Amino acid sequence: MAAPNVHISTHPCLRAKLSQLRSKHANARETKALIHEIALIVAVEALASELTSVNSGTAETPLGAQYTTETVHPPVALVPVLRSGLGMLEALQTLLPDPVLVHHLGLYREPTTLQPVEYYNNLPYHRPSSASAHPDIAILLDPIIATGGTSVAAIQTLLEWGVKKVVVIAVLASEGGLDRASKEGGAEGQVEIWVGGCDKEVTDKGMIRPGMGDVGDRLFLTIGK
């Protein structure tokens, strides 16, 4: 049974698209489109729960009628994990009503130990000029949660950076990876994980089985590198 902060989508369209994405015959263009579409569906479900609508002022319709405008709260930042998280970024930017901060984390798994190694981090460590410039929620984008090591490292980094909450959005996870990542965060509600699907197994090389292969390689045509 999944932890209460783990949310696995049951959307029929997502499940169909996930089965298409698993196919070895999906080319890079098809893979990119399916990652985008699945990320959009998961993000719709996640942000409906994590954000609220607030009044932001007034405006006028083409007929001259006044109406109350709305936006979303609290402030968020998008944090794709390089490389494959970039394939999910546009979906979130499309969904959110206004432009938001985008930061990047670069993490790779050491092939022997499967432990995450950080090679890039552009989170700003200077104090923002106003409180509103610092997001309350970091939305972590990574298509795959396999062993959970990368997610755990990224979550720890973001909480240490100072956000109040980390929302992880993924396309596919393993049961073990979800269990490991869901235990991060010191306070209840500090970490929420939203994912398109879940498989049981992880191979000794840290790949989800049946899974969908290495998403970064499939997106950027670096298979066999």
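These legends accompany several close-up views of a predicted model.

**View 1. The largest pocket and the residues around its centre.** Welcome to the largest pocket, which has a volume of about 890 Å³. Its lining is made up of 34 residues, and R83, Y108, R109, M207 and D214 are the ones nearest the centre. Several elements give two or more residues to this lining: the strands β4 (76-82), β6 (105-109) and β9 (144-145), together with the helices α4 (149-161) and α6 (215-220). Sorted by class, the lining residues of the largest pocket comprise 14 nonpolar, 12 polar and eight charged.

**View 2. The second largest pocket and its lining.** Here the space amounts to about 170 Å³. If you would like to select the lining by hand, pick A28, K32, A33, H36, L86, G87, L89, E90, L219 and F220. The elements that supply two or more of these residues are α2 (28-50), α3 (86-95) and α6. Six of the lining residues of the second largest pocket are nonpolar, two are polar and two are charged.

**View 3. A tilted pair of tyrosine rings.** The model holds one aromatic pair. Its partners are Y108 and Y119, whose ring centres are 6.1 Å apart and whose planes meet at 40°, so the pair is classed as tilted, between the limits of 30 and 60 degrees. Y108 sits in strand β6 and Y119 in strand β7 (residues 116-121), with their positions 11 residues apart in the chain, and the pair thus links distant parts of it. Y108 has a relative accessible area of 41% and is partly exposed. Y119, at 44%, is partly exposed too. Y108 also appears in View 1, among the residues that lie nearest the centre of the largest pocket.

**View 4. Helix α4, largely enclosed.** Of the 13 residues in α4, 10 are buried, so the rest of the structure largely encloses this helix. Those buried residues are G149, T150, S151, V152, A153, A154, I155, T157, L158 and W161. A quick check on the geometry: with 1.5 Å for each residue, a span of 18 Å is expected for α4, and the end C-alpha atoms are indeed 18 Å apart. Just beyond the helix, G162 has a positive phi of about 120°. Readers coming from View 1 will recognise α4 as one of the elements that give two or more residues to the lining of the largest pocket.

**View 5. Helix α2 and the contact at its start.** The 23 residues of α2 reach 31 Å from first C-alpha to last, close to the 33 Å expected at 1.5 Å a residue. Buried along this helix are T31, L34, I35, I38, A39, I41, V42, A43, A46, L47 and E50. At the start of α2, look for N27: a side-chain oxygen of this residue comes to within 3.1 Å of the backbone nitrogen of R29. Helix α2 also gives two or more residues to the lining of the second largest pocket.

**View 6. S174 and its contact with A146.** S174 belongs to strand β10 (residues 165-174). With a relative accessibility of 1%, S174 counts as buried. A polar atom of the S174 side chain lies 2.5 Å from the backbone oxygen of A146.

**View 7. Cis peptide bonds at either end of the β4 region.** H73 and P74 are joined by a cis peptide bond, with omega at about 5°. P74 is in the loop between β3 (66-73) and β4. A cis peptide bond also joins L82 and R83, where omega is about 0°. R83 is placed in the loop between β4 and α3, and this residue is among those nearest the centre of the largest pocket.

**View 8. Leucines with positive phi.** L114 has a phi near 65°, a positive value in a residue other than glycine. This leucine lies in the loop between β6 and β7, and its relative accessible area of 18% makes L114 buried, given that the limit is 20%. L221 likewise is not a glycine and has a positive phi, of about 55°. L221 lies in the segment after α6, and at 67% relative accessibility L221 counts as exposed.

Definitions and conventions
Residues numbered from 1 in each chain as written. Predicted model: local features only at pLDDT ≥ 70, side-chain atom pairs only at ≥ 80, totals over all residues. Heavy atoms only, no water. 1 Å grid on protein atoms, 1.4 Å probe; cavity = no way out; pocket = protein on both sides within 12 Å on 5 of 7 lines; lining within 4 Å. Points joined across faces, edges and corners; volume = space filled by probe spheres on them. Helix = DSSP H or I, 4+ residues; strand = E, 2+ residues; numbered from the N terminus. Nonpolar A, V, L, I, M, F, W, Y, C, P; charged D, E, K, R; others polar. Phe/Tyr/Trp six-rings, centres within 6.5 Å; stacked < 30°, edge-to-face > 60°. Buried < 20%, exposed > 50% of the residue type's maximum accessible area, 1.4 Å probe, protein only. Expected span 1.5 Å × (residues − 1). Polar contact = N/O pair within 3.5 Å; in protein donor to acceptor, adjacent residues only side chain to side chain.
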